[in-house]
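Colleague: I have a model open and a list of labels I do not fully trust. Can we go through them together?

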Amino acid sequence: MRPTRLLNVKYSTQPIIHKNLISLLLPACKTVERANLELGWIKQELPESSWLKACQDRNKLMPLQYILGNQPFGSLDIKCTPNVLIPRNDTEDWCIDLKELINNSIDSGISIADICTGTGCIALSLAESQKIEIAKGFDISTHAINLSLENKIRNKSLLPNFKNIDFQLGDIFNSNILNGEKFDLVTSNPPYILEEDLLSDEKLGGVEESVKLYEPILALKGDCEFYEALVSNVIMPSECKAFVFELGYMKQAESTMTKLRYLSKDSWEFGLRYDSGNNIRNVIAWKTNSDYEFLSQMCKN
């Protein structure tokens with residue numbers, strides 16, 4: 001994850017202890033440089049009595065975010081717990097881009113629905129904008145909803161429409177997930193990692209071992225069925241004007257577009273967004289001649 005934590009850290013005056021802690025971190029960190037960086041974060045954010053246990057947990061490949069209990073997400077401080085997916089830098093990047101475009105392109109307040117909300121990071125990040133009047137997140141996991149509500153309170157000072165932000169249980173495969181509510185914009189980071197990639201060795205391009213060992217499979221494994229459900233159960237009944245979905249494979253973007261063209265009588269424009277590694281990361285769509293054509297600025301087709 002992005003190294004945004006380290007400030008001024010005083011290392012232990014006992015070099016042998018510092019060396020031992022670095023040794024514990026090396027299996028997860030791979031390099032001494034990275035191990036020093038993570039040890040700096042541990043020493044900065046945890047009491048000295050917890051340093052050894054933290055390094056022992058990291059030695060077992062536990063994600064650092066679960067050890068420290070948080071992850072920066074833009075200007076937000078997102079609490080992280082083992083039952084909920086850790087926010088990623090790639091997600092943070094497109095959220096920041098989307099929020100800036102909303103700030104520069106929308107005149108009146110809008111409502112957003114964030115599906116498979118997890119920690120609530122996407123909904124809360126967008127809700128930092130004054131233009132977002134209503135933000136609601138949905139997730140099938142009770143752990144996720146409880147955590148997202150904690151994160152709402154944790155970041156209250158950054159949320160101008162705090163009272164209009166809410167999180168509630170909802171199953172993406174339930175046609176009544178929205179309970180009849182309408183939204184202008186829909187976002188989602190659903191489970192999208194294919195089973196074969198979850199099973200593949202990390203050295204062969206598979207998912208990191210720490211992810212497979214500690215992060216919830218419920219939030220990881222998925223494919224086109226999630227995107228088709230988003231279109232059928234969220235996009236169509238919400239009557240939204242635009243959406244931004246995170247994904248991992250081109251076929252998921254194609255499935256989304258095919259399903260929407262089949263169900264909708266409206267004309268839609270589509271675009272794809274790629275991350276800093278030039279990997280496909282989002283499928284983006286907006287109704288033709290709507291106020292959301294500015295989303296084309298996020299796309300690279």
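Modeller: Yes. Keep in mind that this is a predicted model. Start with helix α5, where N89, T91, E92, W94, C95, L98, K99, L101 and I102 are buried.

Colleague: What is the length of α5 set against?

Modeller: An expected span at 1.5 Å a residue. α5 has 17 residues and reaches 24 Å from its first C-alpha to its last. The expected value is 24 Å, and the reach is close to that.

Colleague: Now the loop before that helix. Why is I86 called buried or exposed?

Modeller: I86 is found in the loop between β2 and α5. Its relative accessibility is 3%. Buried means under 20%, so I86 counts as buried. I86 also lies 7.2 Å from Q65, C-alpha to C-alpha, with their places 21 residues apart in sequence.

Colleague: Which label does N83 get, and why?

Modeller: N83 is in the loop between β2 and α5 too. Its relative accessibility is 42%. Exposed needs over 50% and buried needs under 20%. N83 fits neither, so it counts as partly exposed.

Colleague: What does N83 touch, leaving aside its neighbours within four places in sequence?

Modeller: H143 and P216. For a contact, heavy atoms must be within 4.5 Å. There is a C-alpha separation to note as well: N83 and E215 are 132 residues apart along the chain, yet 6.8 Å separates them.

Colleague: E215 again. Where else does E215 turn up?

Modeller: In the lining of the largest pocket. R88, V207, E208, V211 and E215 lie nearest its centre. The lining has 48 residues.

Colleague: Which elements give two or more residues to that lining?

Modeller: They are α1, α2, α4, α5, α9 and β9. The pocket has a volume of about 1200 Å³.

Colleague: S210 is in α9. What makes S210 buried?

Modeller: Its relative accessible area is 12%. The limit for buried is under 20%, so S210 is buried. S210 touches L61, P63 and E215, not counting residues up to four places away in sequence.

Colleague: On to α10. How does its reach compare with the expected span?

Modeller: α10 covers residues 224-238, which is 15 residues. Its C-alpha atoms reach 20 Å from first to last, close to the 21 Å expected.

Colleague: Where does α10 bend, and by how much?

Modeller: At V231, by about 30 degrees. V231 is also one of the buried residues of α10. Others among them are C224, F226 and Y227.

Colleague: What do the buried residues of α10 pack against?

Modeller: Four strands and a helix are named: β3, β6, β7, β8 and α11.

Colleague: What follows α10?

Modeller: E239. Its place is in the loop between α10 and β7. Its relative accessible area is 53%. Exposed means over 50%, so E239 is exposed.

Colleague: What makes the phi of E239 worth a remark?

Modeller: Most residues other than glycine have a negative phi. E239 is not a glycine, and its phi is positive, about 55 degrees. C116 is another such case, with phi near 60 degrees. C116 is found in the loop between β3 and α6.

Colleague: How do you know which label suits D266?

Modeller: D266 is in the loop between α11 and β8. Its relative accessible area is 44%. That falls between the limits of 20% and 50%, so D266 is partly exposed. D266 and L85 are 34 Å apart, C-alpha to C-alpha, and 181 residues apart in sequence.

Colleague: And why is S296 given its label?

Modeller: S296 is found in the segment after β9. Its relative accessible area is 37%. The limits are again 20% and 50%, so S296 is partly exposed. S296 and K259 are 37 residues apart in sequence and 20 Å apart in space, C-alpha to C-alpha.

Colleague: Last one. Which residues carry the label "domain: Methyltransferase", and where does that label come from?

Modeller: UniProt lists residues 106-192 for it, in an unreviewed entry. Such annotations may be inferred rather than shown by experiment. In the model, that span is 22% helix and 26% strand. Its end C-alpha atoms lie 30 Å apart.

Terms used: Residues numbered from 1 in each chain as written. Predicted model: local features only at pLDDT ≥ 70, side-chain atom pairs only at ≥ 80, totals over all residues. Heavy atoms only, no water. Expected span 1.5 Å × (residues − 1). Bend = angle between axes of the 7 residues up to and from the residue. Buried < 20%, exposed > 50% of the residue type's maximum accessible area, 1.4 Å probe, protein only. 1 Å grid on protein atoms, 1.4 Å probe; cavity = no way out; pocket = protein on both sides within 12 Å on 5 of 7 lines; lining within 4 Å. Points joined across faces, edges and corners; volume = space filled by probe spheres on them.
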